[in-house]
Amino acid sequence: MEREQGVATLTHIVVLPVPMQGHINPMLQFSKRLASKGLKVTLLTTSSIIKSMKGQASSITIEPIADDTGDIETAETMEAYVDRFKVMFSRSLGDLIEKNKSYGYTTKLVVYDCILLGTLDVARQHGVGGAPFITQSCTIAAIYHHLYQGRIRIPLEEPAVSLPSLPLLRIDDMPSFISQPELYPALLRLCVDDFRNFHEVNWVFCNSFDKLEEEVVSWLSTQWPITNIGPTIPSMYLDKRLKDDKNYDLNVFKPNVDACMKWLDSKEIGTVVYVSFGSLATLGEEQMEELAWALKRSNSYFLWVVRETETKKLPINFLEETSERGMVVTWCPQLEVLAHKAVGCFMTHGGWNSTLEALSLGVPVVSMPQWSDQATNSKFLMDVWKVGIRVKVDEKGIVTREEIELCIKEVMGERGTEIKGNAMKWKKLAREALDEGGSSDKNIDDFVAKIVHT
Ligand code: UDX
């Protein structure tokens with residue numbers, strides 16, 4: 001029987017993320033938290049993801065989904081992929097339930113990535129409950145819900161959108177699927193459809209914490225049983241005295257741990273700009289060139305993650321010309337990097353995980369959003385949480401080297417002191433939410449107590 005601390009139970013939970021880095025990370029960490037409270041947890045994912053795992057997530061079981069669902073990146077359409085995933089999942093779930101029953105465990109709930117439409121129906125067909133997990137912010141969930149309820153009309157016609165419990169959002173603060181609906185209509189449909197059956201479930205888990213999004217959480221709780229359980233940062237990064245599994249044990253990309261950490265160790269406190277645009281975003285060649293020369297002009301040290309598929313876009317001679325001040329890697333242990341004292345600024349695309357990681361580790365940001373939820377996250381980083389600056393895009397749709405240089409210098413310079421102060425405040429609040437009795441910890445405890453007794 002699984003037992004680390006808290007109650008020992010024979011309750012089994014299945015966790016089903018979309019097999020992509022930005023979705024697996026938070027759901028994996030949530031799984032570990034549930035296991036630490038005494039539940040048996042199986043994370044179900046594709047065999048290709050399992051093969052790419054580094055190390056072991058020892059407290060939980062990781063099982064492959066029946067057959068393989070194919071690669072999400074090369075799927076003909078997202079909807080077709082989700083449909084195929086549903087069929088595979090149904091088969092796997094039946095097998096898992098039987099297997100666990102033979103060990104004495106009762107499978108009670110499937111926690112599923114909210115994008116995986118139809119999972120709730122599949123779980124119910126197997127006599128199991130379901131609870132969606134939102135890997136983006138409560139704010140984003142609220143915006144899509146407002147759209148679903150008809151409070152937003154697209155294409156957007158007004159210069160700004162006013163919605164209950166949210167600050168005034170300009171068009172370019174809105175999720176890109178709404179501000180540019182012509183680009184990804186299928187993804188927009190998926191995001192809005194997510195919420196169709198949220199009123200039928202007992203928990204809607206979200207990777208956020210109550211103090212971070214107070215007003216919108218309070219509004220959402222009038223709509224669904226919203227349950228914040230984040231930030232899903234392993235506690236060892238928030239409190240150096242603690243030890244637990246590291247985040248990068250399920251990395252789809254291989255981090256260059258030793259080289260990054262050794263390089264950072266050789267730098268003074270707060271002198272390095274860490275640059276990463278997450279696991280998906282791709283920059284155009286011109287934009288890549290502007291960013292590269294901006295880093296050189298900033299006169300700061302920089303650690304830049306350029307994924308393998310992007311390296312060919314680096315300007316000729318860039319590596320040679322910047323070898324004294326910069327290090328370029330194809331992937332890094334981001335949490336360890338952000339927690340390193342040498343890092344003074346995080347230049348980010350504003351993905352939700354990166355946003356939460358910057359806030360939770362108290363690192364000021366320069367944000368350069370690319371698509372999806374990132375513009376909205378960037379608006380909040382700059383104007384609501386006040387932990388950074390968002391770059392301005394010029395009339396040609398490019399962020400120039402001068403603009404990036406200016407933003408980095410501002411955050412690394414005098415203005416940075418005030419921003420750093422705010423970042424440290426959020427770091428403290430994030431830690432409090434996760435500490436014993438904190439809002440997210442309590443939400444998890446309440447959930448465990450309920451699920452064990454149902
Ligand atoms: C995507 C979307 O872009 C994001 O907006 C959405 O909320 C989740 O899915 P992604 O673009 O990959 O995710 O960005 P982000 O959410 O920031 O997640 C990236 C994850 O990869 C983070 O947990 C980060 O710590 C990790 N990472 C990134 C590394 O471990 N090493 C790296 O070198 C870069």
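## Two sheets and a ligand shell

Strand 4 (residues 106–113) and strand 5 (residues 129–134) run parallel and are joined by five bridges. Helices (H or I, at least four residues) and strands (E, at least two) are DSSP runs, numbered from the N terminus. Two strands pair if DSSP finds at least two bridges between them. Within this pair, Asp113 has Phe133 of strand 5 as its bridge partner.

Before going on, a word on the source: this is a predicted model, in which local features need pLDDT of at least 70 and side-chain atom pairs count only at pLDDT 80 or more, while totals for chains, interfaces and linings use all residues. Residues are numbered from 1 along each chain as its sequence is written, and side-chain values use heavy atoms, with hydrogens and water left out.

**The seven-stranded sheet**

Strands 4 and 5 belong to an open sheet of seven strands with parallel pairing, in the order 3-2-1-4-5-8-9. At its edges are strand 3 (61–64) and strand 9 (226–228), each of which pairs on one side only. On average, neighbouring strands here are turned by 25° against each other, direction ignored. Axes are lines fitted to C-alpha atoms, for helices over the stretch in contact, and angles run from 0 to 180 degrees between N-to-C directions.

Helix 1 lies across several strands, among them strand 1 (11–16), strand 2 (40–45) and strand 8 (204–206), and runs at about 165° to strand 2. Contact here means heavy atoms within 4.5 Å.

**The six-stranded sheet**

Another open sheet has six strands, again with parallel pairing, in the order 12-11-10-13-14-15. Strand 12 (326–329) and strand 15 (388–390) each have a single partner strand, so one side of each is left without a neighbour in the sheet. Neighbouring strands of this sheet are turned by 15° against each other on average, direction ignored.

Strand 14 (residues 365–367) pairs with strand 15 over three bridges in the parallel sense, and Val366 has Ile389 in strand 15 as its bridge partner. Helix 16 (residues 401–412) packs on this sheet, touching strand 10 (272–276), strand 13 (343–348), strand 14 and strand 15. The direction of helix 16 makes about 145° with that of strand 13.

**Around the ligand**

Of the 23 residues around the ligand, those that come nearest are Ser279, Cys332, Ser354, Glu357 and Asp373. A residue counts as near if one of its heavy atoms lies within 4 Å. The shell divides into five nonpolar, 16 polar and two charged residues.

The table lists polar contacts, meaning pairs of N or O atoms within 3.5 Å.

| Ligand atom | Protein partner | Distance |
|---|---|---|
| nitrogen | N or O atom in the side chain of Trp331 | 3.3 Å |
| oxygen | polar backbone atom of Trp352 | 3.3 Å |
| oxygen | N or O atom in the side chain of Asp373 | 2.5 Å |

The ligand on its own has 650 Å² of accessible area (Shrake-Rupley method, 1.4 Å probe), and the protein covers 98% of that area. Helix 1 (21–36), strand 10 and helix 14 (352–360) are the elements that give two or more residues to the shell.

**Details in the loops**

A cis peptide bond, with omega about 0°, joins Ile154 and Pro155. Pro155 is in the loop between helix 5 (138–148) and strand 6 (160–161). The peptide bond from Gly230 to Pro231 is also cis, with omega near 0°, and Pro231 sits in the loop between strand 9 and helix 9 (235–238). Ser165 is not a glycine, yet has a positive phi of about 65°; this residue is found in the loop between strand 6 and strand 7 (169–170).

Definitions and conventions
Polar contact = N/O pair within 3.5 Å; in protein donor to acceptor, adjacent residues only side chain to side chain. Nonpolar A, V, L, I, M, F, W, Y, C, P; charged D, E, K, R; others polar.
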